[in-house]
Amino acid sequence: MKSFLASLSLLLCATLASAADFDWKTRFPQGLVDDAGKAVDITTLKNKTVAVYCSAHWCPPCRVFTPQLVKFANANKTKLAVVFISSDKDEAQMFAYMKETKMPWPAVPFKSAGGSAIKREQGVSGIPTLLVYGKDGQLLTKNGRDLPGLEKLLGK
């Protein structure tokens, strides 16, 4: 019985240790880019809650929510990282939207497989959508647009 409990304890510790070091490269295999298309180090997501923001320049509700999210993300940048997945018509519109709204976060490359996989996996059918993942890479909520609720998730 003691050896079983010891083994179970070691397994639990290993699981918790590996969960804390979630590798976001598995979600975003094509990496991340800034508003000029330059590569962004994916380790900036490490040990943070990650909000995946599905949005587009042409979407009126997105254009209302984005400034609120920019303000919220800037106020919580030590705990929260945001990644943009664009539903724009082309890459130029994606970068223009990022610059215009001063998004302080990176994006997945336009129409990347990683971005498409997350949207498909989570059943994203409308925008804006804010998917929130814990430090372990597990989905916490699909309702991240509830910023007071998100603030509670961050422990404020």
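Let's start with a charged pair: R27 forms a salt bridge with E121, and their closest N and O atoms sit 2.8 Å apart. This contact links distant parts of the chain, since R27 belongs to the loop between α1 (2-20) and β1 (32-33) while E121 belongs to helix α4 (residues 113-121), 94 residues apart. Keep in mind as you look around that this is a predicted model.

The two partners have their own surroundings. R27 has a relative accessible area of 19%, so it counts as buried, because the cut-off for that label is under 20%. E121, with a relative accessible area of 45%, is partly exposed.

Side chains of opposite charge can pair when their charged atoms come close. The structure holds 2 salt bridges, so let's turn to the other pair. R63 forms a salt bridge with E100, and here the closest N and O atoms are 2.7 Å apart. R63 is in helix α2 (residues 60-75) and E100 is in helix α3 (residues 91-100), so this bridge ties together parts that are 37 residues apart in sequence. R63 is partly exposed, at a relative accessible area of 35%, and E100 is partly exposed too, at 43% relative accessibility.

What about the cysteines? A disulfide is a covalent bond between the sulfur atoms of two cysteines. How many disulfides does the count come to? The count is 0 disulfides, with the cut-off being a pair of cysteine sulfur atoms within 2.5 Å. If you would like to find some cysteines in the model, C59 is buried at 4% relative accessibility, and C62 is buried at 0%.

Conventions:
Residues are numbered from 1 along each chain as its sequence is written. This is a predicted model: local features need pLDDT of at least 70, side-chain atom pairs count only at pLDDT 80 or more; totals for chains, interfaces and linings use all residues. Side-chain values use heavy atoms; hydrogens and water are left out. A salt bridge is a side-chain nitrogen of Lys or Arg within 4 Å of a carboxyl oxygen of Asp or Glu. Helices (H or I, at least four residues) and strands (E, at least two) are DSSP runs, numbered from the N terminus. Buried means under 20% relative accessible area, exposed over 50%, partly exposed in between (1.4 Å probe, protein chains only).
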